[in-house]
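Me: Please take a close look at one part of this structure and what surrounds it. I am new to the structure, so I would like the terms explained as they come up.

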Amino acid sequence: MKSLKLSEIAKACNGVLTKPEYADICINSITTDSRKACKDCLFIPLKGERADGHDYIEQTFEAGVACSLSEKEIATDKPVIMVESCYQAIKDIAEYYRSLFDIPVIGVSGSVGKTSTKEMIYAVLNQGFNVHKTQGNFNNELGVPLTLFKLEEDHEIAVIEMGISGFTEMTRLATMVRPDISVITNIGYCHLENLKDLDGVLKAKTEMLEFLSDDGKMFFCGDDEKLYTVKEHNGIKTTFYGFDQRNEYKAEIIETDLLKGIHCKLYLKNATIECVVPSVESHMVSNALCAAAIGESLLMTPEQIKAGVESYKTVGSRSNVIRKADITIIDDCYNANPTSVRASVTSLSKFEGRKIAVIGDMKELGENENQLHFDTGAFINEK
């Protein structure tokens, strides 16, 4: 990360530096894990269910950290920045750190497919830029700051995943991320205990738009009926992508090869790209189209976009195809909700031979959970 003076950090998080004579000391990394404490590092102690990071502050000083945040008085001759809340401070510091970068930042959200879309966008943009991305699914109020802190001087674009489960959470994430490009993949039946219904999900996801830069861009999946209602925001016109003909950017599946991937055409503004998406999931074609649209808006060539789409690699347990002798396993174990289950079962139905679906719990579905489970079961039965 860029070097930050202790005076900068204290100001960013409204903290008090206990030893002002250390104000010009610089830190080059930030950690919340005492085991990763090192020289020239800032330690942020967080209280967890089983441990309190404050108990390890002295240990981190022994490891060479330059400074630690703290909510408690610490008996030490080392510099400490006193704050009311370390959880709030880490977000405040991340917001300040983000402001030091004048590069396109892409915020990616949606009920389903955030991580795979983020990875596809990265795969495409990486053909022409030095891209920073969220690792794994570090997409919450702790993961996003840690992701931002890993931005380096030579990064040209950042792709930041943003996951929420309630109202105002996206506001807190977007305050840090300040996206120049907003991506929303879909509005599905997720976290309904807090968000109540699809309108609530839409409202919560689109909180991001209040923090979009003045010359920002919005790329939404136009196949989603809720998203398609968001035609513009503060004078910024939405760019819709998807399979439906009403979308500005469209995709067509030519052939699905369960061994090689999905042969498709991506219809962009200035080019038609024929490529193979390395996935068995048809929605990955939509994700590729999203990445291609963003790539074209950033003046990438069709050749770069095609190479990026075809270089995509899945991460974790997301549509990971495992072949053992004459058995094919689709490892899609990350999470389950009605939208994701339908997508997975649709992909499974395309395989020949005997098919078995092992489906995990669908939680946080709110007061309509019984009906949503019934409807999902009926859909599976039809397939």
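Reply: Contact here means heavy atoms within 4.5 Å, and helices (H or I, at least four residues) and strands (E, at least two) are DSSP runs, numbered from the N terminus. The model is predicted, so local features need pLDDT of at least 70 and side-chain atom pairs count only at pLDDT 80 or more, while totals for chains, interfaces and linings use all residues. Residues are numbered from 1 along each chain as its sequence is written, and side-chain values use heavy atoms, with hydrogens and water left out.

The part to look at is helix α6, which spans residues 169–177 and packs against helix α3, residues 86–99, at an angle of about 40° with the axes 7 Å apart (axes are lines fitted to C-alpha atoms, for helices over the stretch in contact, and angles run from 0 to 180 degrees between N-to-C directions). On the α3 side the contact is made by K91, A94, E95 and R98, and on the α6 side by R172, T175, M176 and V177.

The residues of α6 that are buried (under 20% relative accessible area, with exposed over 50% and partly exposed in between, for a 1.4 Å probe and protein chains only) are E169, M170, L173, A174, M176 and V177. Seen down the axis of α6, these buried residues fall within an arc of 155°, so they line one face of the helix; the arc is that of the directions from the helix axis to the C-beta atoms. Among the elements that cover them are α3, the strands β8 (105–109) and β10 (157–161), and the helices α5 (143–148) and α8 (198–205).

Two of the residues named in the contact, M176 and V177, return when one follows R98, which belongs to α3 and, at 7% relative accessibility, counts as buried. Leaving aside neighbours within four places in sequence, R98 is in contact with I103, V105, L148, M176, V177, R178 and D180. A polar atom of the R98 side chain lies 2.9 Å from the backbone oxygen of R178, and R178, placed just after α6, takes a positive phi of about 45°.

A little further along is D180, in the loop between α6 and β11 (181–184). Its side chain is joined to that of S213 by a polar contact of 3.0 Å (a pair of N or O atoms within 3.5 Å, where within protein one must be able to donate a hydrogen and the other to accept it, and residues adjacent in sequence count only if both atoms are side-chain atoms). Residues up to four places away in sequence not being counted, D180 touches R98, I103, P104, V105, L212, S213, G216 and K217.

To place this part among others, one can turn to T117, a residue of helix α4 that counts as buried at 0% relative accessibility. The side chain of T117 has a polar atom 2.7 Å from the backbone oxygen of G113. With residues up to four places away in sequence set aside, T117 touches V108, V183, T185, N287 and C290. From T117 to N186 there are 69 residues in sequence and 11 Å in space, C-alpha to C-alpha.

Helix α4 (114–125) also helps to cover the buried residues of α10, together with elements including β16 (261–267), β17 (272–277) and α9 (283–297). The residues of α10 (residues 302–310) that are buried are I305, G308 and V309, and seen down its axis they fall within an arc of 95°, so they line one face of that helix.

From V309 one may step to N14, which is 295 residues apart from it in sequence and 44 Å apart in space, C-alpha to C-alpha. N14 lies in the loop between α1 (6–12) and β2 (16–17), counts as exposed at 68% relative accessibility, and has a positive phi of about 55° although it is not a glycine. D40, not a glycine either, has a positive phi of about 60°; this residue is placed in the loop between β4 (29–31) and β5 (41–43), and at 27% relative accessibility D40 counts as partly exposed.
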